[in-house]
Amino acid sequence: MADTRIYRQFDPVMFFSMLSLIGMGVLMIYSATFQSASQDLYIRQLQWCAVALVLFFILLNIDYHVLADSSLPIYVGSLVFLVAVLFFGKRISGAKSWFSLGYFNFQPSEIAKIATILFLAKYLSDETRMFLVLRDFLLAGLIVLVPMFLIILQPDMGTTITFIPPLILLMFLAGMRYKWILGAILAGIASLPVFWLFLKPYQKDRILTFVDPSKDPLGAGYQIIQSKIAVGSGRIFGKGLFSKETQAYLDYIPEKHTDFVFSVLAEDFGLIGVVVTLAIYFILLMRVLSTARQARDRVGVFIVMGFFAIFFFHFVVNVGMIVGLMPITGLPLPLMSYGGSSLLSTIGAMAIIMNVRMRRFVN
Amino acid sequence: MFGEPIDRDLINRRINLIAGVVLCVFLMLLGSFWYMQIIKGPYYEQLAGENLYKEDPIPAPRGLIVDRNKKILAENRLSHNLFITPRLSRNLTSTIEFLSTVLATPQQDLYRIIKKEGPLHSSSPIMLYQDMTLPQLAYISARKIEYPEIDIHHEQKRSYLYGPLFSHVIGYVGELTEDQERAKDFPEAKRRDIVGQSGLERQYNRPLMGRAGMERKVVNSYGAVLKEFPPIRDEPVPGKVLRLGIDYNMQKATEDIFKEGNRYGAVVAMDIKTGDILVLYNKPLFDPNDFIPKIAPAKWKELISDPQHPLQNRVIQNKFSPGSTFKLVMALAALQEKKITPETTFGCGGAQFIYNRTFRCWKPGGHGSVSLYRAIMQSCDVYFYNVGMRLDIDVIAKYARLLGLGSLTNIDLPNEVKGLVPDREWKRRTTNDKWYPGETISVAIGQGPILATTLQMASLYATIATDGNIIQPHVVSSVLDMSGKTLEKSRSRKEKVEGIDRENFELVKKALWGVVNDHGTGGRARVDGYDVCGKTGTVQVVGYDRGKGLSEKQKEKYGDHAWFISFAPVTDPQVAVAVFVEHGGHGSDAAAPVAKKIFETYFADRKIPPFSQPKLKVVAKTPAPAPVEETLIE
């Protein structure tokens with residue numbers, strides 16, 4: 001039964017920040033594709049948005065403690081999906097990460113993200129312990145490693161690495177000492193050469209190209225160069241929405257409605273559009289952090305911060321890639337990139353964060 | 001300890017730290033966008049523009065080259081070239097397989113061409129094959145729809161209608177080479193432009209080339225032209241037409257008579273009044289069409305390793321001893337310096353002992369007592385040994401230079417060479433030795449170090465014919481536009497020789513008339529009814545004694561060179577002809593008939609009526625034998 005009192009704590013700033021980013025995303029998807037064969041993509045995105053909002057209000061009404069308490073079965077269920085997709089999934093551009101359900105495709109790794117964070121938050125926030133011992137951290141690592149292992153089998157590199165930031169962030173909040181964090185990071189860096197051996201040639205290419213895009217201007221470097229040209233040539237005021245002489249219109253930007261949607265925005269609206277959009281993201285992220293600070297209990301803090309980590313990681317990697325500060329990893333920009341699964345899981349996560357915020361005073 | 005006790009303070013402190021990190025990240029991103037959009041904005045804007053526009057050059061048709069009667073010598077024909085844009089390919093392997101079969105070219109060759117231009121998924125079109133045959137064109141056009149990456153471009157290619165006949169005048173064209181680009185030989189040309197590589201094509205490259213036009217189209221990232229942006233066109237300016245002074249009929253007549261002898265040599269005929277070159281002929285020739293569009297490596301190797309150097313323009317690039325044809329310069333110098341008079345006679349006994357050495361005359365029996373007229377007419381060597389003894393080498397050099405030897409004629413063809421007029425200073429500079437009087441005796445009959453090109457000799461005799469006017473020869477007489485309207489006429493620099501009296505020229509000319517018309521050595525150049533004047537020359541390649549017993553085969557390699565240099569008619573000189581036949585033997589029988597044929601063609605084509613009586617009378621009644629032969633002594 002929905003508790004109507006909590007709606008007094010409903011946060012309009014967060015909600016409208018989220019909606020305006022989605023709206024901006026739909027606009028940019030339309031701008032990027034209005035002349036192409038897939039010009040109805042923005043309609044599909046709006047449909048996803050409607051579905052996502054329904055999900056949003058459903059999740060708002062379920063107390064996050066209920067979610068946390070049932071996080072183990074949810075977690076195990078999501079692992080089952082991850083195993084199943086390896087056998088029955090649909091292969092899209094080389095990776096078996098999708099279930100095809102007729103009209104829409106569904107990506108179990110998105111559910112796994114939410115489920116893993118809920119379970120991890122629940123595990124780390126056990127109120128019976130004052131502080132955590134080595135065994136706790138190792139188990140926390142295991143919780144994350146299992147889905148990571150299943151996802152890398154698909155193989156979906158980008159999604160796999162998104163599990164690392166919430167793990168580190170939550171262990172950090174759970175009181176891990178700085179020297180251990182530093183040690184873990186150094187160990188991670190030290191293991192990079194080993195990691196390198198397991199990369200596929202095209203993945204090595206991407207990283208090498210990130211270091212020097214001019215090395216392969218027509219291959220992997222092409223995307224970075226074209227993206228930078230789009231952004232740079234937008235200058236202060238941009239070339240305007242629906243302008244024809246843009247990199248986006250002329251198909252020079254690859255994946256322009258998904259991974260590179262921010263390039264389209266920077267080209268159409270220039271620095272002004274970029275500043276406004278970044279400001280909204282900043283407000284939203286600050287709001288999430290304030291939610292964590294005000295959360296009623298540790299499990300709330302960890303849930304919020306877990307989602308924050310994923311959201312922020314996606315954001316940094318994607319926008320960093322647009323300006324050439326990050327390698328191309330194929331991670332969507334939260335709320336703006338085209339794609340139903342990403343939108344659903346992001347909005348779902350936002351719902352749970354607001355859920356925590358609304359219940360901060362409830363006892 | 002691994003962890004710290006968890007309390008609200010710890011969590012809030014660490015969240016605040018995270019908030020700080022978030023702020024830093026946002027500032028960094030903002031800075032990046034600021035840098036890219038404001039500071040580097042203009043740069044990226046330019047790159048975006050370069051992305052957008054595809055500029056297709058529209059080549060200008062190269063100007064035609066026509067002879068004096070506007071007969072076309074060089075024109076353009078249509079060539080069909082195959083281009084490929086690998087990025088547009090659905091299946092490059094199968095495309096290459098298909099093309100390899102149709103074009104009869106190995107697959108790896110086609111791959112090599114593509115790789116040379118860039119990566120195998122290059123998005124700019126690459127020329128894969130030039131000059132497809134019509135069946136190839138038809139076959140590929142019919143299946144083009146299956147291969148969106150294939151493009152056929154029709155292009156104008158140079159074509160030389162008479163093949164080798166004008167090879168040394170017109171030259172040939174080819175793509176601008178990397179060396180030429182680096183050396184800025186053609187500042188007007190860009191990479192891959194077709195430029196003249198030799199002859200007139202090179203000399204007049206700028207007017208012939210015209211200016212390429214340009215079509216600017218907006219393309220998407222696949223290179224497809226977008227219809228909603230109409231292309232901007234900049235029309236090409238076609239090249240200008242070169243009208244030559246060259247006379248096709250005379251050139252052809254030269255070729256015909258030269259062919260009979262199977263000899264090598266050089267011929268040049270020049271209009272004395274205008275400086276127009278009427279004939280410029282070399283043997284051996286090469287076919288400039290072999291260079292279009294590109295010469296086959298085997299063919300190129302054959303051409304440059306040929307010991308006869310077919311690519312060399314002998315008329316302006318080969319220097320030879322002028323032999324007896326130089327005696328005219330000696331005569332003019334001696335007359336002007338008053339060392340002899342027309343009446344001065346020397347006795348010729350077939351040889352003379354000078355400076356402790358025997359110098360022989362070509363006629364072992366001797367000419368007896370000879371005056372200037374007979375000395376030239378019969379080419380008496382002993383007479384000119386005596387003239388040489390009376391003149392200093394520096395004086396001889398002065399007159400030779402006055403008459404134009406030793407310097408460029410400045411004909412409008414590339415790579416002309418200067419020839420050589422020796423003097424004391426030259427000897428000192430090159431060998432650090434002094435000049436010996438015996439060397440002057442050699443120079444007196446056109447031997448020794450003195451060297452001239454065929455063109456210089458023609459020019460020298462034209463100067464003598466006009467009593468001392470040096471006229472600059474030129475191959476192009478006017479520049480026309482495509483419709484045939486004259487844009488510019490060539491004007492030749494004329495220069496009056498100062499310091500030689502007119503009557504001395506008249507004396508020499510009279511003797512030259514005698515060479516041809518008065519039982520002299522040039523009798524075989526005689527054209528009935530026209531006063532042809534000329535002088536034979538024979539240049540020894542090996543020593544006199546060794547040269548005696550040469551077999552026919554050896555003569556081809558060691559035989560004497562034959563000269564005949566002439567002009568006509570004597571009273572109103574119109575045309576000068578210089579003939580050089582390598583290893584041809586005697587000037588009188590190897591070279592003179594060539595000149596005769598050229599004069600005949602010249603007079604017949606211009607319908608110049610013959611005179612009933614020769615303009616000049618025989619000056620000295622000489623009981624001379626029938627046309628004599630001339631040879632030379634070291």
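Start by selecting Lys90(A) and Trp98(A) in this predicted model: Lys90(A) sits opposite Trp98(A), and the tryptophan belongs to strand E2(A). Now widen the selection to residues 95-101 of chain A, and you have the whole of E2. This strand runs antiparallel to E1(A), and 3 bridges join the two.

Next, bring in the rest of the sheet. It is an open one with 3 strands of chain A, ordered E1-E2-E3 and paired antiparallel. Colour E1 (90-92) and E3 (104-106) of chain A to pick out the edges; each of these strands pairs on one side only. Turn the view a little and look for the twist, which averages 50 degrees from one strand to the next.

Keep the sheet on screen and add residues 71-88 of chain A. That's helix H4, lying across E1 and E2 of chain A and running at about 90 degrees to E2(A).

Time to show chain B. Here 51 residues of chain B are in contact with 65 residues of chain A. The two chains bury about 5300 Å² between them, with carbon and sulfur atoms giving 70% of that area.

For a spot to zoom in on, select Glu45(B) and Arg235(A): their side chains form a salt bridge, at 2.9 Å from N to O. The rule finds 1 salt bridge across this interface, while the count of residue pairs in polar contact is 9.

Finally, colour helices H1 (8-39) and H2 (41-52) of chain B, the elements that each give two or more residues to the side touching chain A. H1(B) supplies the largest share, 23 residues. By type, that side of chain B divides into 33 nonpolar, 12 polar and 6 charged residues.

Conventions:
Residues are numbered from 1 along each chain as its sequence is written. Chains are lettered from A and ligands numbered from 1 in the order in which they are written. This is a predicted model: local features need pLDDT of at least 70, side-chain atom pairs count only at pLDDT 80 or more; totals for chains, interfaces and linings use all residues. Side-chain values use heavy atoms; hydrogens and water are left out. Two strands pair if DSSP finds at least two bridges between them. Helices (H or I, at least four residues) and strands (E, at least two) are DSSP runs, numbered from the N terminus. Axes are lines fitted to C-alpha atoms, for helices over the stretch in contact, and angles run from 0 to 180 degrees between N-to-C directions. Contact means heavy atoms within 4.5 Å. Buried area is the accessible area (1.4 Å probe) that two parts lose on being put together, summed over both. A salt bridge is a side-chain nitrogen of Lys or Arg within 4 Å of a carboxyl oxygen of Asp or Glu. A polar contact is a pair of N or O atoms within 3.5 Å; within protein, one must be able to donate a hydrogen and the other to accept it, and residues adjacent in sequence count only if both atoms are side-chain atoms. Ala, Val, Leu, Ile, Met, Phe, Trp, Tyr, Cys and Pro count as nonpolar, Asp, Glu, Lys and Arg as charged, and the others, Gly among them, as polar.
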